[in-house]
Amino acid sequence: MKAKVTVIGAGNVGATAAQRLAEKELGDVVLVDILEGVPQGKALDLQEAAPIEGHDARVVGGNDYEASAGSDIVIITAGIPRRPGMSRDDLLTTNARIIRDVTQKAVQRSPGAILIVVSNPLDAMCHVALKTSGFPRHRVIGMAGVLDAARFRAFAALELDCSVESVSALVLGGHGDTMVPLPRYCTVAGIPITELLPEVRVRAIVERTRNGGAEIVNLLKTGSAFYAPASAAVEMAEAILKDKKKILPCSAYLEGEYGIRGLFVGVPVKLGAAGIERVIEIPLLPEEREALHRSAAAVGDLVAALGRLSF
Ligand code: APR
């Protein structure tokens, strides 16, 4: 039987994710948005591309959640994106209300689904989705580290003039200014990047990765990145649907791992049919651990602000 993936939010990230899901034939796709006609129109357009792309995924769109019933995965991209001068944190209350609303409606019809959250500020929105859904932590996963690591990998490959496929990277922490790229875990065919590039170039790649989202917001001016975020969410969905047990950096609700409890923070996890099948703890240098804890504290501040605002 074909899998079903619901994508909530038929904007830039959501529609691009729907396209990739369909073209990879990962399952049937349901697009949901509050804008009347938009999810229906984009779904129909994608369906009409199917004969040319050669896939047999059904793509439907709607303003309610009827068609989403029984989804295996729900990808949440609803919300407002950043504009120049805005940080991800500026989206906090607006997007928290939206995430609470869409999570409630989605999980009512898909109580067994795995939620992949994309909306920002990412780690705090995961918190809202976890608490609203009442799902166990292995079924609520944030998309951040795959995107941040992809940016790191892209910049490293450009710098080294080598295939992106040879580069792997690890970025931990919250999806914000405090993210923790780990150059010593960034390798090119197993060789640490720190052996291949001078320190100053590695530092420049780290900085560009940290500002990767803002760089695109400043260029686009009317919205934020969507091709790479959509690719990242679909890689996670694929790992789950195919039970690949892929090791990917994702935002996970920690219960003591890395000395952090009760917060979503980006860490390496194993993604398979059950969702997060394992949180992987790796040894960190004291300064890396400190940076991770600083990043977790920033996530904690947002979660505390949500509590105070009772959004
Ligand atoms: N229910 C369903 N859809 C909603 C709701 C809601 N309650 N509120 C907003 N939306 C929809 C909007 O109508 C819009 O079509 O979410 C969509 C968001 O699309 P874009 O504005 O194009 O934003 P996008 O670039 O896709 O980013 C979405 O992902 O990367 C993050 O920071 C980004 O939080 C943002 C999210």
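## Sorting the residues

To read this structure, start with three classes: Ala, Val, Leu, Ile, Met, Phe, Trp, Tyr, Cys and Pro count as nonpolar, Asp, Glu, Lys and Arg as charged, and the others, Gly among them, as polar. By that scheme, the shell around the ligand holds nine nonpolar, eight polar and two charged residues.

The model you are looking at is predicted, so local features need pLDDT of at least 70 and side-chain atom pairs count only at pLDDT 80 or more, while totals for chains, interfaces and linings use all residues. Residues are numbered from 1 along each chain as its sequence is written, and side-chain values use heavy atoms, with hydrogens and water left out.

## Around the ligand

How many residues surround the ligand? There are 19, where being near means having a heavy atom within 4 Å of the molecule. The closest are Asn12, Val13, Asp33, Thr77 and Asn120.

Some of these residues make polar contacts (pairs of N or O atoms within 3.5 Å). Backbone N or O atoms of Asn12 and Val13 lie 2.9 Å and 2.8 Å, respectively, from an oxygen atom of the ligand. For Asn120, an N or O atom of the side chain is 3.0 Å from a ligand oxygen. On its own, the ligand has 720 Å² of accessible area, and the protein covers 87% of that (Shrake-Rupley method, 1.4 Å probe).

Which helices help to build the shell? Helix H1 (12-23) and helix H3 (92-109) each supply at least two residues, and H3 gives the most, with four. Helices here are DSSP runs of H or I with at least four residues, and strands are runs of E with at least two, numbered from the N terminus.

## A link across the chain

Helix H3 turns up again in a salt bridge, which is a side-chain nitrogen of Lys or Arg within 4 Å of a carboxyl oxygen of Asp or Glu. The whole structure has 16 of them. In one, Arg109 pairs with Glu66, and their closest N and O atoms are 3.5 Å apart. Arg109 lies in helix H3 and Glu66 in the loop between strand S3 (59-62) and strand S4 (73-76), so this pair ties together parts that are 43 residues apart in sequence.

## Two backbone details

Look next at the peptide bond from Asn120 to Pro121: it is cis, with omega near -5°. Pro121 belongs to the loop between strand S5 (114-117) and helix H4 (122-133).

Lys221 is not a glycine, yet it has a positive phi of about 70°. You can find Lys221 in the loop between helix H7 (212-220) and helix H8 (227-241).

Conventions: A polar contact is a pair of N or O atoms within 3.5 Å; within protein, one must be able to donate a hydrogen and the other to accept it, and residues adjacent in sequence count only if both atoms are side-chain atoms.
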